[in-house]
Number of protein chains: 2
Amino acid sequence: MNVAVVGGGATKMGEHWTQSLRDLSTEAGAKALQDAGIEGKDIEALFIGTMSSGRFIGQEHLGALAVDEAGLTPIPATRCEGACASGSLAFRKAYLAIRSGEYDIVMAAGGEKMTDIKGPEAISALMGAGDQEWESSAGLTFSGLYAMMARAYMKRYGLTREELALVPIKNHFHGLKNPLAQFQFPVTVKQVMESALIADPLRLLDCSPITDGAAAVILVSDRVAKRFKNPMWILGSGQASDTLALHNRKSLTEIPSSRIAAEKAYAQAGVSPGKIDVAEVHDCFSIEEILAYEDLGFAERGKGKDLLVNKETYVGGRLPVNTDGGLKLGHPVGATGIKQIIEIMRQLRGDAYTQVKGARIGLAHNIGGSGATALVHIFGTEPGGRHG
Amino acid sequence: MNVAVVGGGATKMGEHWTQSLRDLSTEAGAKALQDAGIEGKDIEALFIGTMSSGRFIGQEHLGALAVDEAGLTPIPATRCEGACASGSLAFRKAYLAIRSGEYDIVMAAGGEKMTDIKGPEAISALMGAGDQEWESSAGLTFSGLYAMMARAYMKRYGLTREELALVPIKNHFHGLKNPLAQFQFPVTVKQVMESALIADPLRLLDCSPITDGAAAVILVSDRVAKRFKNPMWILGSGQASDTLALHNRKSLTEIPSSRIAAEKAYAQAGVSPGKIDVAEVHDCFSIEEILAYEDLGFAERGKGKDLLVNKETYVGGRLPVNTDGGLKLGHPVGATGIKQIIEIMRQLRGDAYTQVKGARIGLAHNIGGSGATALVHIFGTEPGGRHG
C-alpha cells in the first residue's frame, strides 16, 4: 500500500515564553489540518515524537496531552522517542500503521519545549540521548562528542576550520526567507571563526540552538489520497540503530546508521542518490552535515566539503541541502524530523520559501544522539517504491 | 495477517541495586529469545516501552540502549511511551509493524528502573503521566487521584472499605507461587485496613509498589509462526485515549478509554466478555481493578465487587483475574504491559505458576495515568479475528 503526505504545518522555531508544549503542538496540528483541508475528526490516530519532555517540562504521556488539548480523544495516541530522531520515528510508525491497514488518515507530529529550564539543565537533559553510564556521567556533552568527530575528520581528510564554516554560512543563507526560522541573518566565515568556542573546534555558530517548537504532518493511505491536492508520496523509509556510546564505534568519521537507513530507503524507493533533487539532513553541528553528505551517498568519503566549496548544495546547485536553514535555524529535538519532512513537502509541491525549481524527489535524514538512531525517508511527486 | 506471540521472559520484579536498566532489559530479552527458541540475530526490529527513564536514570533513547547492550544493532529500535501503558503500547506498535508486512519477527519489550532516585522524586516522575499544568503543579499524586475515584465509587455504589481490600487480598494470594513477584506473602482484610494511610481511603496495601524490572516477548507473522511451538495468537488489539486530567472527565467511576479500547478489541476478535477465560487487568490501585471489571464488561456498573465477594476472579472461579499477582506484586511502569501479556501467554500454553485449567482465550488490560491511555489485547490458542 502506498502512503502519502497531504499537509503539514509548524510553529515558529524559537523561544516561546507565552506558549506551553500543549499550545505549540495544537498550533502545529491545526496548521497541518488546515493545510490538508481536513478537520480534527478526520484523524484516526496520532503519533508524536518528543525526546525529553519529562526533564524539560515535567510531562510525559505526550500522546494523550496532544489529543486531549486538540479535542481529538478518544483516538489512539502514541509518543515515540529516539532522541533527536523522535519526529521521524513517529513519522515512520505512522507510515507503518497505515500500511498495516488499520488507519487511512493519521497525524504524525513532534514537539519539544526546551527553554523552560536553565541552559545547563537543558544540556544535561539532551545528554539523555547519549550513554548515561559511559558518556554523560563522565561529563561529555553533544558538542564535545561532535567536536571529537570534527577533529578526527579534519585530521583524516584535511578539512580546514574555515571550510567547516561553510555549513552554517549556507544554512543561514537558505534560512533568510524562512519566516519560521529561529534566526534570520547571514553569517560570514569571520563571524563563525570569531564566535564563542564551545568545544574545540566547534564554535557557537556551528551548533544548533535550544528551541521551542512543534510540527505536524498528515499521512494518508492510497485509498483516500485522491481526495487531496498535491500528495507527496513516500517512496522509501529506512531506520537503523548503532551503539549508544561514540567510543564503541569503529570510526569517528562516519555514522553507519545513516548509511544503513539510507541504503534501505534507496532500495525500497528504487532510487539512487543521484536522483535526489533536494534534501534535508541532520546538521545538529556543522560536521554532521558533511558526514551526512557521505553517509547518504551524495559525496565520496572525504569529499563532502567539495559540495559546499562548489556551492552544489545551495539552492541553484546540483543538490540543494537544508533549504529551510536546517537544524541550525531551529532544533526543537522532537519536532525536527517532522519539520524536515514539511520542507521537503513544500519543495515538491512548489511552495517552499526558497524554492528548488522542478524538485520531484526529496530526502529527509534525521538522527538521534551521535547516531545511535537514524532514519531516512525518500519522497516523490508520484507514487513509487515497494510498500508491502 | 495474523500475528502470534511465541515466547516471553521477565526479570524478577523488585529493587535491583546491582543491575541497571540495560542489564535488566538484556536479561528479559535473553529470556524471551530462549523461551521462543530463537537467537538475537533472528530479531528484525525492537519496540520498547519505558515511561520516564529520563527522570529515573537520566537516560532517554531507550531503543538504542536496548539493542546496543544486546548486540542487536543495526536493527530498528523504537521507544514507545504512554505512561504506565508504555509496554502494551510498544506491543501494539510491534503488532501493527508486522501487519504492515515490514517484519516477520519482532521483539516487544518494556523496562523501568525506578529505585535509583528517592521516593518523593519517583512520585514526582510518575506524575509526568498526569497533567503537569493542572494536576502535578497543584500537588496531586496518583494515589490522590485514584483515592478520589475510590471515594466517588464507594459513595455512588455503596462499596465498603473492607470490600475494596478484597482486591489486594486476591492478588497477593495469586502471587504466592510467582517467583518473579516483588512480594510473596498473603494479606488479610485486617492487614490492609491497618496498613499506612496513603490517600484516604487508599492504604499502603492498596497501592502498587515502586519496582525495577523488565519484560520482553517475541511476536511473529503467520508466515513464520509454524516454526514455533504453542503460538499464542493476537485476536484483537484496541487502543484509546482520554483527557489527561481527571477533572475533565464526566464521571469518576469509570475509565472510558478502557471501555472503548475493549470494545475495539472485542469487535476485532469477534469475542464477547463472557468468552474470556483469564485476564490481566491494571490494578495500580485497588479501586482500578473493580473499575476494570466494569469497563471491560465483566460486570455491570456498580457490581464489580460481586466478582470478588463471590471469588469469581480467583483461580478456580468463572474468570480468574491477575493470576500472577497483578501490578500489586510489581509495577515497573514501562514493563507492566508486557509482563501482563507474558502471564496470559503462560496461561494459554498451560505453564503458568498458578494455572487456570483449560484457558483458551485471555485478555490483557493496561492503562496510563488515570486512563488517558488504555490498551486491551485479546489472545487465543487458535488464530482468529480480523487483521487487515
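This report describes a predicted model of two chains, A and B, from the single chain to the contact between the copies.

## Chain A overall

Chain A holds 13 helices and 11 strands. Its C-alpha trace spans about 55 × 45 × 40 Å along the principal axes. The radius of gyration is 19 Å, which agrees with the value near 21 Å that a compact globule of 388 residues would have.

Burial is extensive by count: 67% of the 388 residues in chain A are buried. Contacts often reach far along the sequence. Taking pairs in chain A at least 6 apart in sequence, 78% of the contacts join residues at least 24 apart.

## Strand β4 of chain A

Strand β4 covers residues 105-112 of chain A, and eight of its eight residues are buried. Both faces are covered. A:I105, A:M107, A:A109 and A:G111 point one way, while A:V106, A:A108, A:G110 and A:E112 point the other way, and all are buried. The buried set thus includes a glutamate, A:E112.

Two strands pair with β4(A). Strand β2 (residues 45-49) of chain A runs parallel to β4(A), with five bridges between them. Here A:I48 stands opposite A:A109. Strand β7 (residues 213-221) of chain A runs antiparallel to β4(A), joined by eight bridges. In that pairing A:A108 faces A:V217 of β7(A).

## Strand β10 of chain A

Strand β10 spans residues 361-368 of chain A. Eight of its eight residues are buried, so the rest of the structure largely encloses it. A:I361, A:L363, A:H365 and A:I367 point one way from β10(A). A:G362, A:A364, A:N366 and A:G368 point the other way, and both sets are buried.

β10(A) also has two partners. Strand β9 (residues 278-280) of chain A is parallel to β10(A), with three bridges. A:A279 has A:L363 as its bridge partner. Strand β11 (residues 373-380) of chain A is antiparallel to β10(A), with eight bridges. There A:I367 is bridged to A:A374. Four residues lie between the strands of this β10(A)-β11(A) hairpin, and A:G369 takes a positive phi near 60°.

## The nonpolar core

The largest nonpolar core has 279 residues. Those with the most contacts inside it are A:L46, A:A109, B:L46 and B:A109, from both chains. A:A109 is the β4(A) residue that stands opposite A:I48.

B:L46 shows what such a position touches. Leaving aside neighbours within four places in sequence, B:L46 is in contact with B:G63, B:A66, B:V67, B:L72, B:I75, B:A77, B:M107 and B:A109. B:A109 is itself one of the residues with the most contacts in the core.

## B:G49

B:G49 lies in strand β2 (residues 45-49) of chain B. B:G49 is buried: 35 other C-beta atoms lie within 10 Å, against a cut-off of 20 or more for burial.

Beyond residues up to four places away in sequence, B:G49 touches B:C80, B:S86, B:G87, B:L89, B:A90, B:G110, B:G334, B:G337 and B:I338. B:E194, by contrast, is 35 Å from B:G49, C-alpha to C-alpha, and 145 residues away in sequence.

## The contact between the chains

Each side of the contact is of equal count: 54 residues from chain B and 54 residues from chain A. On chain B, α2 (53-57), α3 (62-69), β3 (77-81), α4 (86-99), β8 (232-241) and α10 (256-269) each supply at least two residues. By class, this side of chain B has 21 nonpolar, 23 polar and 10 charged residues.

Strand pairing crosses between the chains. Strand β3 (residues 77-81) of chain A pairs with β3(B) in the antiparallel sense over three bridges. A:C80 has B:C80 as its bridge partner. B:C80 is also among the residues that B:G49 touches.

## Symmetry

A rotation of 180°, with 0.0 Å of shift along its axis, superposes chain B on chain A at an RMSD of 0.0 Å. That is the relation of a two-fold axis. In chain B, the residue closest to the rotation axis is B:S100, at 1.8 Å (C-alpha).

The surfaces match as well. 100% of the interface residues of chain B are also interface residues in chain A, so the copies meet through the same surface.

Key
Residues numbered from 1 in each chain as written. Chains lettered and ligands numbered in written order. Predicted model: local features only at pLDDT ≥ 70, side-chain atom pairs only at ≥ 80, totals over all residues. Contact = placed C-beta atoms within 7 Å. Nonpolar A, V, L, I, M, F, W, Y, C, P; charged D, E, K, R; others polar. Pairing = 2+ DSSP bridges. Least-squares fit on C-alpha atoms with pLDDT ≥ 70 in both. Core = buried A, V, L, I, M, F, W, Y, C linked by C-beta atoms within 7 Å. Buried ≥ 20, exposed ≤ 12 C-beta atoms within 10 Å, placed from the backbone. Rg over C-alpha atoms; globule rule 2.2 N^0.38 Å.
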